[in-house]
Protein chains: 2
Amino acid sequence: MSFWVQKYGGTSVASTEKLLTVAERLHEQHSQGHRLVVVLSAMGGETDHLLSLARQVSSEPGGSALDLLLSSGERVSIALLALALQALGCPATALTGRQAGILTEGQANKARIKNIDNDRLNGLLDEGQVVVVAGFQGMDESGRVTTLGRGGSDTTAVALAASLGADECHIYTDVEGVYTADPRLVPEARRLEHLTYEEMLEMSGLGSKVLQLRSVLFAEKYNVPLRVLSAFGSGSGTLISKEAENMEQATIAGIAHNRDEAQLTISGVQDMPGVAARILGPIAEAQIEVDMIVQNVGQDGTADFTFTVHRNDYAKALEILEQVGGELGARETCGNRDIVKVSLVGVGMRSHAGIASRMFRALADAGVNISMISTSEIKISVVVGEPSLETCVQVLHKEFGLADARDA
Amino acid sequence: MSFWVQKYGGTSVASTEKLLTVAERLHEQHSQGHRLVVVLSAMGGETDHLLSLARQVSSEPGGSALDLLLSSGERVSIALLALALQALGCPATALTGRQAGILTEGQANKARIKNIDNDRLNGLLDEGQVVVVAGFQGMDESGRVTTLGRGGSDTTAVALAASLGADECHIYTDVEGVYTADPRLVPEARRLEHLTYEEMLEMSGLGSKVLQLRSVLFAEKYNVPLRVLSAFGSGSGTLISKEAENMEQATIAGIAHNRDEAQLTISGVQDMPGVAARILGPIAEAQIEVDMIVQNVGQDGTADFTFTVHRNDYAKALEILEQVGGELGARETCGNRDIVKVSLVGVGMRSHAGIASRMFRALADAGVNISMISTSEIKISVVVGEPSLETCVQVLHKEFGLADARDA
């Protein structure tokens with residue numbers, strides 16, 4: 001008998017038909033004696049619908065009224081799942097964030113979970129109930145309904161698993177697990193049995209949409225084993241946990257890529273203390289987040305400074321950079337929207353030298369031009385032109401033998 | 001400066017466009033210095049949509065999960081109205097039933113308001129906020145979300161008006177007020193300036209859909225002046241309050257009719273103690289509500305027993321009656337679906353004799369056949385064949401001079 005917190009996303013509960021499928025799966029697991037807490041998102045598309053209504057009545061919807069509005073979507077899905085379970089003869093109770101004891105702090109629309117009062121939840125579980133909890137929401141100390149920001153349902157699930165001491169937290173999605181690369185780019189990509197939290201963090205941060213970054217951080221902090229599974233398949237998915245012994249030999253977990261960035265360069269600026277701040281200060285003030293940053297000092301004592309931002313911020317960032325370039329007497333400012341970031345991720349890099357050079361060699365042999373490089377302890381990222389994406393991922397997948405089992 | 005609790009029904013907030021119109025009206029009233037609490041229903045059609053989802057996952061949706069589901073509709077409308085008001089620069093806060101301090105008791109889906117804790121509401125009103133409250137819902141002592149049953153938003157508004165000591169409770173609908181008769185039947189029907197609670201109760205109970213019966217009872221109990229107004233017109237509507245001095249002369253307030261009933265008759269049963277109970281007992285056990293009841297004793301010592309039920313219950317009631325008729329040795333059991341009930345309502349009946357005979361005479365002159373009669377202190381109801389409805393209402397409207405002002 002296991003104790004699981006399971007989270008189903010919006011696509012898994014997008015229709016009453018899908019909800020019934022989820023209910024049948026839960027009913028079966030409950031019959032087998034498992035202790036079950038289920039966290040749900042709003043039915044697919046509902047949150048966007050509510051947001052669009054808000055924008056029809058207000059040019060800048062926000063504050064606690066927006067929280068109240070958005071939190072209603074999850075109430076519908078949890079109530080329907082509880083009704084479906086009850087109709088199957090499975091004892092079930094639906095709880096809102098407040099009723100589940102989820103206390104939050106911080107600003108409206110982006111609250112953080114501060115504490116969970118488990119009494120009610122534990123009482124219902126002890127009675128043998130399946131407890132269905134609204135994801136993405138809680139209540140602050142003044143009794144206001146709050147939301148955790150987009151994707152917050154993953155965080156709700158992990159926080160509940162940590163607080164209740166569940167054996168595993170299952171994140172049901174529309175994919176079978178985490179893959180060595182995007183199967184649409186690499187047909188021989190393989191589902192990974194295991195990943196460490198660190199690896200998953202790098203994968204998430206790189207645009208892999210399987211898990212929310214914040215929920216992985218949370219799981220790592222409280223050491224909650226996470227399992228990514230398909231809501232409508234039957235596989236064992238991918239387990240994300242702390243480093244296991246049989247992972248020591250492994251080198252590369254997978255290849256992630258991110259198409260959402262654009263690159264900006266300012267070249268021929270005087271290399272002196274404070275120049276990076278002079279360049280990035282105005283960008284930060286405009287609320288633009290910067291991802292990769294690379295600085296080279298040339299032979300003439302001037303520096304080239306390149307960084308990436310989200311594509312949505314590209315035009316604004318370029319405008320700011322052109323002004324800064326003028327002030328600094330830069331030789332040139334330019335940018336490129338058609339780039340992708342491709343990253344090798346794996347805890348094995350720590351103990352295996354030469355990964356970077358093997359990577360660069362393989363890309364060079366394939367004729368792929370690298371325009372930026374950035375490395376961390378368990379990741380090497382390169383920026384390449386968007387047309388090279390497929391070649392780049394396929395070459396690296398083959399070079400590091402990712403189609404072969406890693407976890408044997 | 002007045003203090004009003006205003007309630008807008010589902011049709012008044014059926015679209016974001018209509019919500020914006022309501023927001024503009026409220027903003028104007030707030031600018032004039034009025035103290036405003038606004039109670040909203042779910043956007044038109046939303047409650048039916050949620051119910052249909054529930055029926056897709058459960059053959060018998062009910063309990064607190066259904067309450068949770070249905071209560072989400074009002075959260076959407078109140079959040080949107082608060083956002084719309086804020087966008088107009090009008091300080092506004094949306095409160096759920098729980099947040100507004102509405103404590104309920106009784107069973108799920110049909111809870112009753114037990115108590116209202118005004119602290120939070122009064123605090124917000126003192127800050128100059130427009131407070132937007134979700135109708136139809138509250139929280140019970142165990143923290144469960146409850147709903148008050150269909151039409152419960154009217155009751156929420158009246159209860160808040162009573163509890164907060166508002167000057168008037170405004171019920172905004174899609175009609176201009178309460179009329180002397182249905183204007184679709186009587187073109188010269190006139191909007192009433194005043195009605196007493198008792199008159200409104202009789203009108204509501206007779207199928208006039210303007211106000212919920214329960215909310216009128218509540219208003220009478222706590223002496224809250226109610227005003228029925230059009231959400232998109234500019235008239236002064238109809239004020240419903242306790243008997244005023246200038247009403248003493250008035251005779252008839254108006255004519256109500258109800259097409260939702262059907263009539264059943266069992267004739268030639270032995271007239272003996274307990275026979276009514278033998279007939280109505282099985283009907284009540286089948287959860288069928290009986291409205292009018294008439295019993296005549298014939299010359300042969302047998303009785304004819306006629307009563308009305310909702311048309312939806314007609315077939316079931318007739319089946320039960322045929323069985324009972326067999327057991328009692330009745331001469332005949334029969335029924336008629338094509339009937340209507342037409343009622344004269346007015347507190348003036350108390351002090352004016354001869355109203356009934358004037359009514360019957362006028363109907364006889366018009367060739368209308370009456371099949372049942374029932375009277376109360378301020379109401380005379382007749383059951384006639386459905387084809388006579390229009391004639392019946394028009395003749396009575398003319399006979400009692402209802403097109404002429406009553407409240408002069």
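Axes here are lines fitted to C-alpha atoms, for helices over the stretch in contact, and angles run from 0 to 180 degrees between N-to-C directions. Helices (H or I, at least four residues) and strands (E, at least two) are DSSP runs, numbered from the N terminus.

The model is predicted: local features need pLDDT of at least 70, side-chain atom pairs count only at pLDDT 80 or more, and totals for chains, interfaces and linings use all residues. Residues are numbered from 1 along each chain as its sequence is written, chains are lettered from A in the order in which they are written, and side-chain values use heavy atoms, without hydrogens and water.

**Exercise 1.** Describe the packing of H3(A) and H3(B) by angle, axis distance and hand.

Solution.
- Step 1: H3(A) and H3(B), each spanning residues 63-87, pack at about 170 degrees with their axes 8 Å apart.
- Step 2: H3(A) is therefore roughly antiparallel to H3(B), a label for angles over 145 degrees.
- Step 3: H3(A) passes H3(B) in a left-handed crossing (the near helix is turned anticlockwise from the far one by less than a right angle; clockwise is right-handed).
- Step 4: This contact has 20 nonpolar, six polar and two charged residues. Ala, Val, Leu, Ile, Met, Phe, Trp, Tyr, Cys and Pro count as nonpolar, Asp, Glu, Lys and Arg as charged, and the others, Gly among them, as polar.

**Exercise 2.** Describe how H2(A) packs on H3(A) and on H3(B).

Solution.
- Step 1: The axes of H2(A) (residues 46-57) and H3(A) come within 9 Å and cross at roughly 150 degrees. That makes H2(A) roughly antiparallel to H3(A).
- Step 2: A:Glu46, A:Thr47, A:Leu50, A:Leu51 and A:Ala54 of H2(A) meet residues of H3(A) including A:Leu66, A:Ser72 and A:Glu74, where contact means heavy atoms within 4.5 Å. By class there are six nonpolar, three polar and two charged residues.
- Step 3: Against H3(B), H2(A) packs at about 35 degrees, with the axes 8 Å apart, in a right-handed crossing.
- Step 4: A:Leu50, A:Leu53, A:Ala54 and A:Val57 face B:Val76, B:Leu80, B:Leu83, B:Ala84 and B:Ala87 in this contact. The residues divide into nine nonpolar, no polar and no charged.

**Exercise 3.** Quantify the interface of chain A with chain B.

Solution.
- Step 1: 36 residues of chain A are in contact with 36 of chain B.
- Step 2: The buried area is about 2900 Å², with 67% from carbon and sulfur atoms (accessible area, 1.4 Å probe, lost on putting two parts together, summed over both).
- Step 3: In chain A, A:Val57, A:Arg75 and A:Leu83 lose the most area to chain B, together 23% of what that side buries.

**Exercise 4.** Count the salt bridges between the chains and over all chains, and place one of them.

Solution.
- Step 1: A salt bridge is a side-chain nitrogen of Lys or Arg within 4 Å of a carboxyl oxygen of Asp or Glu.
- Step 2: The count is zero between chain A and chain B, and 28 over all chains.
- Step 3: A:Arg35 and A:Asp126 form a salt bridge at 3.0 Å, N to O. A:Arg35 lies in strand E2 (residues 35-40) of chain A and A:Asp126 in helix H4 (residues 119-126) of chain A, so the pair ties together parts 91 residues apart in sequence.

Definitions and conventions:
Parallel < 35°, antiparallel > 145°, perpendicular 65-115°, else oblique.
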